Amino acid sequence: MSVSETESVAEIKARNKELINEVLQVYPEKTAKRRAKHLNVHEAGKSDCGVKSNLKSIPGVMTIRGCAYAGSKGVVWGPIKDMIHISHGPVGCGQYSWAARRNYYIGTTGIDTFVTMQFTSDFQEKDIVFGGDKKLAKIMDEIQVLFPLNNGISVQSECPIGLIGDDIEAVSKAKSKEYGGKTIVPVRCEGFRGVSQSLGHHVANDAIRDWVFDKVDPNAVAKFQDTPYDVAIIGDYNIGGDAWSSRILLEEMGLRVIAQWSGDGTLAELEATPKAKLNVLHCYRSMNYISRHMEEKYGIPWCEYNFFGPSKIAESLRRIASYFDDKIKEGAERVIAKYQALMDAVIAKYRPRLEGKTVMLFVGGLRPRHVIGAYEDLGMEVVGTGYEFGHNDDYQRTAQHYVKDGTLIYDDVTGYEFEKFVERIQPDLVGSGIKEKYVFQKMGVPFRQMHSWDYSGPYHGYDGFAIFARDMDMAINAPVWKMAHTPWKTASKPTLLAAE
Amino acid sequence: MTQNAENVLDHLELFRGPEYQQMLANKRALFEDPRDPAEVERVREWAKTPEYREKNFAREALTVNPAKACQPLGAVFAAVGFEGTIPFVHGSQGCVAYYRSHFSRHFKEPSSCVSSSMTEDAAVFGGLNNMIDGLANTYSMYKPKMIAVSTTCMAEVIGDDLNAFIKTAKEKGSVPADYDVPFAHTPAFVGSHVTGYDNVMKGILEHFWDGKAGTAPKLERQPNGKINFIGGFDGYTVGNLREIKRLFGLMGIDYTILGDNSDVWDTPTDGEFRMYDGGTTLTDAAEAVHAKATISMQEYCTEKTLPLIAAHGQEVAAFNHPIGVAGTDKFLMTLARIAGVEIPEALALERGRLVDAIADSSAHIHGKKFAIYGDPDLCLGLAAFLLELGAEPTHVLATNGNKAWAEKVQALFDSSPFGKNCHVYPGKDLWHMRSLLFTEPVDFLIGNTYGKYLERDTGTPLIRIGFPIFDRHHHHRYPVWGYQGGLNVLVWILDKIFDEIDKSTNVPSKTDYSFDIIR
């Protein structure tokens, strides 16, 4: 199916442009006009992908996006393991996001660790009518009694909180004082704010700035002696253990990781981060805000990196090392050399099985671009990609460092568009989320969830790349796809949308 | 280095290697500012005590690990049971992403649903424009036969009026004037997912029967002999509704299943994505008004729907998710009485086979203690089945169960000698259940996937029955209703019991004597 072998770039571009025009036909005129701005065919040499982004989703189109609460509780705050995160409002938000993101951690759950638990104020009608502040205060008291080893509390606002005028900041301040300066963080991540998860990331970052950093006593005795090689991992949520398979490489090259944001992270790590000499930033989208803040306030430089696939890992290790002395630079080379044999073996095993296969992606923060290198290490080609909640700076990075000429770009893709694109382009693999997985598998198209690693992982680092390669192979080369067609029926092209 | 290309290790094994173990130990010691392990151990033990249980049960405000979801989830569940219907949820868009993910994780199926994507401006000015644009877009793009509108808490808090909004949207040409857009207000801060199911089911029937929001004449009931069937919110809907159809077929009853989502959540992989599949036809939904009677399999999923139906002159009967012999007997006999048919011999045989299976196996279940949690009706069905197996449903807990439900469960306990030492816990959560399992241990726990945390912490083996089940595959394809369904539940319980016996008798030269080949 590998189109790249049979079609020229010009042909692909023409086909993709035609495809865009075709999908736009389905919309009412006003919607077509708005959606047209989010779809494009990448032109090599351009500084961005030529699409509008970070704009409101259009009602009724089946956006794949989530909300600000998902960005704050689900992404940024939820993994901080020694704090209790209250889903403040009705029961649903906390229920649907309960332990669903596979942020791995070590700890005694329910005693000193709380990640895979669902704490909620379970709002009832009376809380909406009379306000939930008193209930919130009582919840904090009950937490102190039943979970005495918690190291802090965050209040993750659901939609009603901002609409009914609750003052969660006042409650948090009062309770913090009552409990001897305990860290209690009110977060204004109501789901209706902003246009996607993205604002939730920003609000969550700001809450760490205002309610964690600004509360740290500058005269407090340091919990550890700093070294010239202290770094913090920013924007790795340890999904399937990603942050661990990254941390090990940084430590092997001679750096010392003093904090993980926020996968397997603790309040102590957040508080200690301003002591880092460098912040290394994986998910730029969700944590560039706090990185910029630490640069401005504490003078800590930050460096984006990409730990998907050996090419990008080596490039990233060298870039990170460039901020340090020769000892670390040599360390980076030593690490690259150490894993070379493993990488050669992985590629020798899997590349012949995957060479020339095409991929279409639609994911969240960094993956629509970051994983492209890993696919290319396996000889695969990403022919379409897009961001659920990216901003223009994401599309700039994508255009300048990742995608090839003619790649189909779709921002905040709708269910209809994605199906149409995949139906027509017929990639060998689609990488997206749980809501998309079964749509494409029904069509007989191999699929991997690229948010949760389809319950596998880690995919970061050298150890992770071996798993990534194995998983892509098992998705594409699974015997099941040969059976999708009923043998006694005449072959027909896959059709979509029952309505057509 | 632990990793190798020939035998790739993922998270299941990778991190157990010495390099990672050392790394994680260093992280903890140097940077996590961990609690004193002795203190952690002390609190861990304290959390198992009656004293902790008392404090835990004294909670008035905090909910920890609830076994319920919000109304809009049930709304979507009900809506997709109708032919070519897309659920349209008016409010914030993140909610819809959550419902779709939740259902896809349980059924391993696509779950189509749209949002009106309300944001801050809609919070200030109301979501009318979102409704107008949203309906037009959904109608053009996905060509549904019906759009079923429900709400999120955001739209409810700001007070959006669905009836007026849909009317205006039609006037603005979003969808044709005579196009079916039933609606229901489904505030997340009232009730639970079972309430949302009820509201949408009622909303859809009201739409078809009572004049389509003032745009058509009300239907005049002309009674026929058909029976309507409503399954309620049910994680086994795929297997159960197919079993129900088989039973109706065997009995020769002309029926309509209202809200049949057994096909849309069990579509084949054959090269085609079916956004819509099966479902109650809109004609059948309308004509269901003429039926002789309506049977609800789950009373607490139809608390508002059944009175509406009764008010149209039908006989109604509600069950509590019947599982097992007596529950199925009552269901079939009621059905036969209402429909005026005889129960065929084939079903008597099936009944006999279930009784036979229970007779064969009950020695292994008799006297065992169980804790159950789940939706109110499911709890009643399971508890009744356990009682007839001679087991004790020691703790029965429903976060979304109310006082009336608790009385019903108590009455069930009182009906059997095996219910003597059993207790019911309405409105409690799984952190309460944790205290119960520590202070009054049982042999087995029955619940959904989240029960695995209780299994880990308390050592109580978990039998996965309920919703959602994310970490085991395909059980939703099996019925738990009817005698065949009872057999499935019996087997699931027995499999766990036998696995546990084997697990506790498999130490060579220590417990060899009970590691039996025949049980």
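Buried here means under 20% relative accessible area, with exposed over 50% and partly exposed in between (1.4 Å probe, protein chains only). Helices (H or I, at least four residues) and strands (E, at least two) are DSSP runs, numbered from the N terminus.

This is a predicted model, in which local features need pLDDT of at least 70 and side-chain atom pairs count only at pLDDT 80 or more, while totals for chains, interfaces and linings use all residues. Residues are numbered from 1 along each chain as its sequence is written, chains are lettered from A and ligands numbered from 1 in the order in which they are written, and side-chain values use heavy atoms, with hydrogens and water left out.

**A helix in chain A**

Take helix α18 of chain A, which covers residues 392-401. Its buried residues are Asp393(A), Asp394(A), Tyr395(A), Arg397(A), Thr398(A) and Ala399(A). What do the buried residues of α18(A) pack against? In chain A they meet two helices, α13 (284-298) and α16 (367-370), plus the strands β9 (302-304), β11 (381-385) and β12 (408-410). Contact, by the way, means heavy atoms within 4.5 Å. As background, an α-helix has 3.6 residues a turn, so residues three or four places apart point the same way.

**The two chains**

Here are the chain totals; accessible areas come from the Shrake-Rupley method with a 1.4 Å probe, and for residues only the protein chains shown count as cover.

| Chain | Secondary structure | C-alpha box along principal axes | Exposed area |
|---|---|---|---|
| Chain A | 21 helices, 14 strands | roughly 70 × 60 × 40 Å | about 16100 Å² |
| Chain B | 20 helices, 13 strands | roughly 80 × 65 × 55 Å | about 18900 Å² |

Carbon and sulfur atoms supply 53% of the exposed area in chain A and 52% in chain B. Of the 500 residues of chain A, 68% are buried; for chain B it's 62% of 519.

Now for the radius of gyration, taken over C-alpha atoms and set against a globule rule of 2.2 Å times the number of residues to the power 0.38. Chain A has 21 helices and 14 strands. Its radius of gyration is 23 Å, close to the 23 Å from the rule for 500 residues, so chain A is as compact as a globular protein of that length. For chain B, a compact globule of 519 residues would be near 24 Å, and the chain's 25 Å agrees.

Among contacts in chain A between residues at least 6 apart in sequence, 73% join residues at least 24 apart. In chain B, pairs 24 or more positions apart account for 72% of the contacts with a separation of 6 or more.

On charges, Lys and Arg count as positive and Asp and Glu as negative, leaving out His and the chain ends; each charge is placed at NZ of Lys, CZ of Arg, CG of Asp or CD of Glu. Chain A carries 61 positive and 64 negative side chains, with the centres of the two sets 2 Å apart. Chain B has 50 positive and 66 negative charges, whose mean positions are 2 Å apart.

**A sheet in chain B**

Two strands pair if DSSP finds at least two bridges between them. In chain B, three strands make an open, parallel sheet ordered β3-β2-β4. β3 (114-115) and β4 (146-151) of chain B are the edges: each has a single partner strand, so one side of each lacks a neighbour in the sheet.

Strand β2 of chain B (residues 85-90) runs parallel to β3(B), joined by two bridges, and Val89(B) has Ser115(B) as its bridge partner in β3(B). Six bridges link β2(B) and β4(B), also parallel; there, Pro87(B) is matched with Ala148(B) in β4(B).

Is β4(B) mostly covered or uncovered? It's mostly covered, with six of its six residues buried. Met146(B), Ala148(B) and Ser150(B) are buried on one face of β4(B), and Ile147(B), Val149(B) and Thr151(B) on the other.
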